[in-house]
Amino acid sequence: MQTNLADFIKHTADGRTADSILRKCVHCGFCTATCPTYQLLGDELDGPRGRIYLIKEALEGRAVTGKTRRHLDRCLTCRSCETTCPSGVHYSRLLDIGRHVVEARAPRALPERLLRGALRSLLPHPGRFAPLLRFGQLLRPLMPAALRRRVPKRQSPGHWPAPRHDRRMLCLAGCVQSSIAPNINAAAARVLDRLGISLVSTTASGCCGAVSLHLAARDEALDFMRRNIDAWWPQLEQGTEAVITGASACTATIKEYAELLADDPLYAEKAARVSALAKDLSEVVAGENLAALGEDTVLSRRVAFHSPCTLQHGQSIRGTVESILEARGHRLTRVADAHLCCGSAGTYSILQRKLSRRLRDNKLTMLQADKPELIASANIGCLVELQSAAQVPVVHWIELLDE
Ligand code: SF4
Ligand code: SF4
């Protein structure tokens with residue numbers, strides 16, 4: 001695609017990155033077929049090719065309106081289009097740049113700004129989010145059924161093994177997951193402990209930065225990333241083997257620290273090291289001898305696995321969790337349209353409720369079609385979203401190995 005970026009961005013790092021991404025797109029439209037929002041809305045501008053065109057126009061200095069912003073807002077950042085694209089267009093990076101520019105040139109109305117500001121000042125901060133969640137959990141018995149299903153029951157993390165192995169990995173404490181489902185990281189620590197790896201969590205690390213990044217608050221997102229790097233650095237210098245998280249969305253983001261902080265003279269090198277060490281939990285477990293977990297004492301379950309977009313598209317990891325579950329004796333059910341998003345997508349389920357519900361309901365229809373006993377996934381957002389309407393229990397896959 002030919003480009004002619006405007007002077008305001010042409011000679012910046014963002015401009016150069018966007019230009020090289022835009023030039024890769026040959027406008028073939030293959031990506032449109034696998035875009036969830038295009039499938040629902042049938043509008044070219046609600047598909048990747050149309051959005052790429054809108055971003056190109058914005059970067060070339062043409063008028064940007066609320067309509068431009070609306071089409072970009074409806075994007076889930078699921079990256080299904082990246083998996084499909086034969087030309088290797090890094091759409092999500094272009095979208096980050098495009099959203100940043102559009103946000104500045106077409107400011108939102110005050111109520112929208114307040115809502116997005118509230119999400120940014122609440123979700124990435126466990127110290128603020130946890131007390132609110134506790135309050136909601138106390139009121140849970142009094143809530144109408146529909147609302148009750150959206151407030152997860154209080155969960156106990158259980159035992160976290162003390163470090164005893166030479167092999168050590170760092171665990172991102174994370175933001176909402178540490179309040180909603182503290183058992184996930186603890187289960188990962190117990191499973192890895194049985195595999196001969198000690199998992200260490202530092203309270204100084206927090207949100208991976210994805211919440212702010214997807215709400216077009218890039219400077220704030222980069223600060224979260226720098227904070228995590230500072231928190232992990234002393235352990236990394238002592239030979240920690242990998243950085244993992246219990247949420248595929250966070251791991252996908254950490255794997256991009258190198259790219260996102262590439263122009264920061266103080267952090268570029270450290271970010272590259274962190275990204276190189278970032279591993280999805282499934283990559284770690286799949287690389288170990290699962291026989292060390294012992295004979296499976298639980299009944300083999302009929303499991304429908306929902307692969308989060310951040311696992312299958314964001315990290316290009318496909319089939320790994322499924323192989324682990326099968327190796328542990330579970331039977332996987334068939335799931336049609338497994339490449340499609342469940343509608344959670346960070347804050348999308350709050351900001352684009354109608355579209356999100358439709359995607360969730362379609363996803364649950366596919367997941368439950370083959371009558372599973374339970375649904376497993378790999379990301380807290382997907383778990384909460386699916387739990388809100390599923391007819392069977394929804395768990396993190398690591399919890400099945402921890403049973
Ligand atoms: S598939 Fe790739 S090259 Fe084709 S329109 Fe989509 S982004 Fe552009
Ligand atoms: S990221 Fe997902 S929703 Fe957005 S354009 Fe690509 S496929 Fe469509």
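The following exercises, each with a worked solution, treat the overall form, one sheet, one arginine and two ligand shells of a predicted model.

In this predicted model, local features need pLDDT of at least 70 and side-chain atom pairs count only at pLDDT 80 or more, while totals for chains, interfaces and linings use all residues. Residues are numbered from 1 along each chain as its sequence is written, and chains are lettered from A and ligands numbered from 1 in the order in which they are written.

**Exercise 1.** Determine how the radius of gyration of the protein compares with that of a compact globule.

*Solution.* Step 1: the radius of gyration is taken over C-alpha atoms, and the globule rule is 2.2 Å times the number of residues to the power 0.38. Step 2: for 403 residues, the rule gives a value near 22 Å; the protein has 21 Å, which agrees. Step 3: along the principal axes, the C-alpha atoms fill a box of roughly 60 × 50 × 45 Å.

**Exercise 2.** Establish the strand order of the open three-stranded sheet and identify its edges.

*Solution.* Step 1: strands are DSSP runs of E with at least two residues, helices are runs of H or I with at least four residues, and both are numbered from the N terminus. Step 2: the order is S2-S1-S3, with parallel pairing; two strands pair if DSSP finds at least two bridges between them. Step 3: strand S2 (198-201) and strand S3 (242-244) are the edges, because each has a single partner strand. Step 4: strand S1 (residues 168-171) and S2 share four bridges, and Met169 has Leu199 in S2 as its bridge partner.

**Exercise 3.** Decide whether Arg79 is buried or exposed, and locate its contacts.

*Solution.* Step 1: a residue is buried if 20 or more other C-beta atoms, placed from the backbone, lie within 10 Å of its own, exposed if 12 or fewer, and partly exposed in between. Step 2: Arg79 is buried, because 24 other C-beta atoms lie within 10 Å. Step 3: Arg79 belongs to the loop between helix H5 (66-73) and helix H6 (80-84). Step 4: contact requires C-beta atoms, placed from the backbone, within 7 Å; beyond neighbours within four places in sequence, Arg79 contacts Tyr91, Ser92, Cys309, His313 and Gly314.

**Exercise 4.** State which residues come closest to ligand 1 and to ligand 2.

*Solution.* Step 1: a residue is near a molecule if its C-beta atom, placed from the backbone, lies within 6 Å of it. Step 2: ligand 1 is surrounded by 14 residues, the closest being Cys25, Cys28, Cys31, Cys85 and Val89. Step 3: ligand 2 has 13 residues around it, of which Cys35, Pro48, Cys75, Cys78 and Cys81 come nearest.

How values were computed. Contact = placed C-beta atoms within 7 Å.
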